[in-house]
Amino acid sequence: MRFNPVNRHLAITLQIKEKKEDNISSDILLPQDYRPLEEQYSAAKINSCARDCAQFSDEAPYFSRGNTIIVERSMVKEITHAGEIFHIIQENYVLGSIER
């Protein structure tokens with residue numbers, strides 16, 4: 001299934017680094033629902049882009065499919081439909097792109 005974003009949104013795949021959990025015991029007790037803080041920013045790969053995105057053009061293809069961008073994680077929206085998970089973000093929360 002493919003998600004086609006509209007209204008200045010980009011469909012993305014987050015590139016999340018797996019954190020290694022230390023099996024070192026500690027004398028500090030934490031609540032059972034405790035989760036360590038996530039990083040504020042994340043890299044993401046662009047899957048598709050709404051046609052009304054300002055950067056969607058042949059002259060400035062920053063939002064081209066497959067490009068890697070840096071996004072603010074708290075602004076990523078997670079949508080679940082028919083058992084599939086889609087991540088989208090509005091174009092103004094894209095902080096930059098990575099070129100190699």
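A salt bridge here is a side-chain nitrogen of Lys or Arg within 4 Å of a carboxyl oxygen of Asp or Glu. I start with that because a search of the whole structure under this definition finds one salt bridge. Please keep in mind throughout that this is a predicted model.

Which residues form the salt bridge? R8 and E91 do, and their closest N and O atoms are 2.7 Å apart. R8 sits in the segment before β1, while E91 sits in the loop between β5 and β6, so the pair ties together parts of the chain that are 83 residues apart in sequence. The two partners also have their own accessibility values. R8 counts as partly exposed, at 32% relative accessibility. E91 is buried, with a relative accessible area of 10%; the cut-off for buried is under 20%.

Now the overall layout. The protein chain has six strands and zero helices. Reading along the sequence, you get the pattern β-β-β-β-β-β. Of the 100 residues in the chain, 26% count as buried.

How are the strands ordered in the sheet? It is an open sheet of six strands, in the order β4-β5-β1-β2-β3-β6, and the pairing is antiparallel. At the edges are β4, residues 77-81, and β6, residues 94-98, each of which pairs on one side only. On average, neighbouring strands in this sheet are turned by 45° against each other, direction ignored.

Let me go across the sheet, beginning at the β4 edge. β4 is joined to β5, residues 84-90, by five bridges, and the two strands run antiparallel. Within that pair, H81 stands opposite E84 in β5. β4 and β5 form a hairpin with two residues between them. One residue in the turn is A82, which has a positive phi of about 55° although it is not a glycine. A82 also counts as exposed, at 62% relative accessibility.

There is another residue with that kind of backbone angle. N7 has a positive phi of about 55° and is not a glycine either. N7 lies in the segment before β1. At 53% relative accessibility, N7 counts as exposed.

Further across the sheet, β2 and β3 pair in the antiparallel sense over five bridges. A43 stands opposite I70 in β3. On the other side, β3, residues 68-72, pairs with β6 over four bridges, again antiparallel. I70 turns up here as well, standing opposite G96 in β6. Next to that, I69 stands opposite S97 in β6. As a general point, in a regular strand the side chains alternate between the two faces of the sheet.

I69 brings me to the interior. How many residues does the largest nonpolar core have? It has 14. Those with the most contacts inside this core are L10, I12, F63, I69, V71, I89 and V94. The elements that give two or more residues to it are β1, residues 9-15, β2, residues 41-49, and β3. The general background is that in soluble globular proteins, nonpolar side chains tend to be buried together.

Not every nonpolar side chain is in the interior, though. I28, L30 and Y34 make a nonpolar surface patch of about 350 Å². Where in the chain is I28? I28 is in the loop between β1 and β2. Is I28 buried or exposed? I28 is exposed, with a relative accessible area of 63%, because the cut-off for exposed is over 50%.

One last residue, R51. R51 lies in the loop between β2 and β3. R51 is exposed, with a relative accessible area of 69%. R51 and P5 are 46 residues apart in sequence, yet their C-alpha atoms are 8.5 Å apart in space.

To recap: an open, antiparallel sheet of six strands with β4 and β6 at its edges, a largest nonpolar core of 14 residues, a nonpolar surface patch made by I28, L30 and Y34, and one salt bridge in the whole structure, between R8 and E91.

Terms used. Residues are numbered from 1 along each chain as its sequence is written. This is a predicted model: local features need pLDDT of at least 70, side-chain atom pairs count only at pLDDT 80 or more; totals for chains, interfaces and linings use all residues. Side-chain values use heavy atoms; hydrogens and water are left out. Two strands pair if DSSP finds at least two bridges between them. Axes are lines fitted to C-alpha atoms, for helices over the stretch in contact, and angles run from 0 to 180 degrees between N-to-C directions. A nonpolar core is a set of buried Ala, Val, Leu, Ile, Met, Phe, Trp, Tyr and Cys residues joined through side-chain atoms within 4.5 Å. Buried means under 20% relative accessible area, exposed over 50%, partly exposed in between (1.4 Å probe, protein chains only). Patches are made of residues with over 30% relative accessible area and no salt bridge: like charges are joined within 9 Å, nonpolar side chains (Val, Leu, Ile, Met, Phe, Trp, Tyr) within 5 Å. Accessible areas come from the Shrake-Rupley method with a 1.4 Å probe; for residues, only the protein chains shown count as cover.
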